[in-house]
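Biologist: I should like a close look at the enclosed space in this model. Please describe the cavities and what lines them, and then set them beside the strand pairing and the salt bridges.

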Amino acid sequence: MIQCARQPGLAQIWEDILGFENCEFYIKRWPQLVGMQFEDVLISFPDAVPCGIKMASYGGKIILNPDDCYVLQEGDEVIVIAEDDDTYTPSPLPKVRRGYPPKDFVGPKSPERILFCGWRRDMEDMIMVLDAFLAPGSELWMFNDVPEIDRERKLIEGGLDFSRLENITLVHRDGNAVIRRHLESLPLESFDSILILADESVEDSAIQADSRSLATLLLIRDIQAKRLPYKEAIGSDGFRRSLSEGSWMGEMQQASDKSVIISEILDPRTKNLLYMSKISDYVLSNELVSMALAMVAEDRQINYVLEELFAEQGNELQIRQSDLYLREDEELNFFEVMLRARQRKEVVIGYRLEDAERAIINPPDKVSRRRWSPKDVFVAIAEKE
C-alpha cells in the first residue's frame with residue numbers, strides 16, 4: 001500500500017501481476033541459453049520479459065535485476081513475466097539498436113508530506129517501511145480518532161522504536177475522517193500522498209469499512225478542489241471554461257492531478273466505483289494478499305521474488321517517466337527501450353500510454369517501432385532509491 005501511495009498507477013499493475021488472468025512470474029530452465037549474458041537473455045523472448053536469475057551455483061539463490069555481464073551457467077533458471085508457463089520460448093536474437101538514454105541519473109529524493117487517515121493494528125510496520133522509503137526531513141501525519149497517548153502506547157507495544165526513525169517525523173492529529181469540519185482542519189492541499197486506511201474500528205464489516213473510506217475520499221477531494229487554484233480549459237468551441245463547469249466530479253478529478261490518494265478497500269465490488277470515478281487509486285488489500293498466497297502455493301519459489309519486491313531494500317516495481325529512456329519524438333521499439341533501461345540497471349516490463357486507462361505488462365509486440373509521448377510512462381524493476 002505504501003509503494004502504491006507514492007506511485008500513481010502501481011496498484012493496478014500489482015493487481016494484474018498477482019492475478020491469474022494476466023501476466024505473472026514464472027521460473028524455468030533453458031539449456032540453450034547457457035553461456036549467454038543476461039543483456040542478451042533479456043531480448044531473447046518475444047513473448048516474455050526476463051527479470052532475474054535463479055542461480056544453480058548458489059543453492060538456487062534468486063537474483064532480480066542482475067548485472068548485464070552475468071553469464072548463465074549450467075542449471076541456472078530464468079525468471080520471467082509471461083502470460084503462462086507454456087506461452088514463451090527463446091528465439092534468435094533480434095537486431096536491436098542500443099543508443100544512450102537522455103538522462104544518466106535520477107535527482108535526489110526530496111522530503112515528502114504524507115497523510116494516513118484511519119488506524120490499523122499493524123500501523124507500526126507501515127511506519128517503519130515508510131521511514132525506509134522516504135527522504136530525510138519527511139513528515140507523516142496521522143489523523144484518526146485514537147487518542148494520541150493511546151497511539152504511542154499501541155505503537156510501542158507493536159514494536160516501534162521511535163528512536164530508530166531516521167527520515168520521518170510523526171505529526172498527530174485527532175479527528176473523525178468522515179466529519180468534514182475535522183478534515184478541514186488539515187492542510188489537505190499540501191500532502192504529496194494520502195492513504196485512506198480501512199479503519200480497524202469497522203474492519204469486521206467490509207461494506208461498512210469501504211463506505212467509510214469512500215466518504216472520506218469524497219470529502220477530501222471536495223475540500224482539495226475548493227482550495228486549489230482555479231484552472232481553466234479551452235473548449236472545442238474556442239471559449240475558456242472551467243474544467244469543473246457543472247460537474248463536482250470534474251473539480252475532484254482536477255484535484256486528483258495535484259496529489260495522490262490511495263484508498264484501501266476490502267470488498268471487490270467497491271473497486272468499480274473508484275475505477276469509474278478516476279479520482280483515486282485503490283488497493284484491494286484482502287484480495288491482493290489472497291492472490292499472492294495463491295501464486296506462492298502454485299510455485300513456492302515465487303515467494304522469494306515477491307519478498308524482495310515488497311521489502312524495504314533491494315528491487316521494487318517503479319513507475320518511470322519516458323524521458324528517462326528516450327528523447328522527444330524518438331521512435332523505438334520495446335526491446336530498444338529495454339536496452340536503454342539496462343544502462344540504468346533497470347528492467348522495463350511494460351508501459352502505460354498517455355491516453356490509456358491501464359498499463360500493458362509484457363507487451364505482445366516488442367519489435368515494432370513507435371513514437372512515444374512525453375506523458376507515456378514505463379513500468380520497471382529497479383533498485384529502491
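Modeller: The account below takes the cavities in turn, then the strand pairing, and then the salt bridges. The model is a predicted one, and every value given here is computed from it.

Two cavities of 30 Å³ or more are found. The largest of them has a volume of about 90 Å³. Its lining is made up of 14 residues, and those nearest the centre of this cavity are Cys 117, Gly 118, Ala 177, Leu 197 and Arg 212. Among the secondary-structure elements, strand E6 and helix H7 (206-227) each supply at least two residues of this lining. Helix H7 gives the most, with three residues. By class, the lining of the largest cavity comprises five nonpolar, six polar and three charged residues.

The second largest cavity holds about 30 Å³ of space. Ala 11, Glu 15, Tyr 282, Val 283, Leu 284 and Leu 288 form its lining. Helix H2 (10-18) and strand E12 (281-284) each contribute at least two residues here, and E12 has the largest share, with three residues. The lining of this second cavity divides into five nonpolar residues, no polar residues and one charged residue.

Strand E6, which supplies part of the lining of the largest cavity, also takes part in a strand pairing. E6 (residues 138-144) runs parallel to strand E7 (residues 168-174), and seven bridges connect the two. Within this pairing, Ser 138 stands opposite Ile 168 of E7. Between the two strands the chain passes through helix H5 (residues 148-157), and the resulting β-α-β crossover is right-handed.

The salt bridges come next, and their count in the model is 22. One of them joins the side chains of Arg 6 and Glu 112, with an N to O distance of 2.9 Å. Arg 6 belongs to helix H1 (residues 2-6), whereas Glu 112 sits in the loop between strand E4 (77-82) and strand E5 (113-117), so this pair ties together parts that are 106 residues apart in sequence. The two partners fall into separate accessibility classes: Arg 6 counts as partly exposed because its relative accessibility is 24%, while Glu 112 counts as buried because its relative accessibility is 18%, the limit for buried being under 20%.

A second salt bridge links the side chains of Glu 77 and Lys 54, at 3.7 Å from N to O. Glu 77 lies in strand E4 and Lys 54 in strand E2 (residues 48-55), so the contact ties together parts that are 23 residues apart in sequence. Both Glu 77 and Lys 54 are buried.

A further salt bridge is formed by Arg 180 and Glu 184, whose closest N and O atoms are 3.1 Å apart. Arg 180 is partly exposed, with a relative accessibility of 28%, and Glu 184 is likewise partly exposed, with a relative accessible area of 37%. This pair does not stand alone: through salt bridges that share partners, Arg 180, Glu 184, Asp 222 and Lys 226 are joined into one network. Asp 222 and Lys 226 fall within the residue range of helix H7 (206-227), the helix that gives the most to the lining of the largest cavity.

Methods. Residues numbered from 1 in each chain as written. Predicted model: local features only at pLDDT ≥ 70, side-chain atom pairs only at ≥ 80, totals over all residues. Heavy atoms only, no water. Pairing = 2+ DSSP bridges. Helix = DSSP H or I, 4+ residues; strand = E, 2+ residues; numbered from the N terminus. Right-handed = clockwise from strand over helix to strand, strands pointing away. Salt bridge = Lys/Arg side-chain N within 4 Å of Asp/Glu carboxyl O. Buried < 20%, exposed > 50% of the residue type's maximum accessible area, 1.4 Å probe, protein only. 1 Å grid on protein atoms, 1.4 Å probe; cavity = no way out; pocket = protein on both sides within 12 Å on 5 of 7 lines; lining within 4 Å. Points joined across faces, edges and corners; volume = space filled by probe spheres on them. Nonpolar A, V, L, I, M, F, W, Y, C, P; charged D, E, K, R; others polar.
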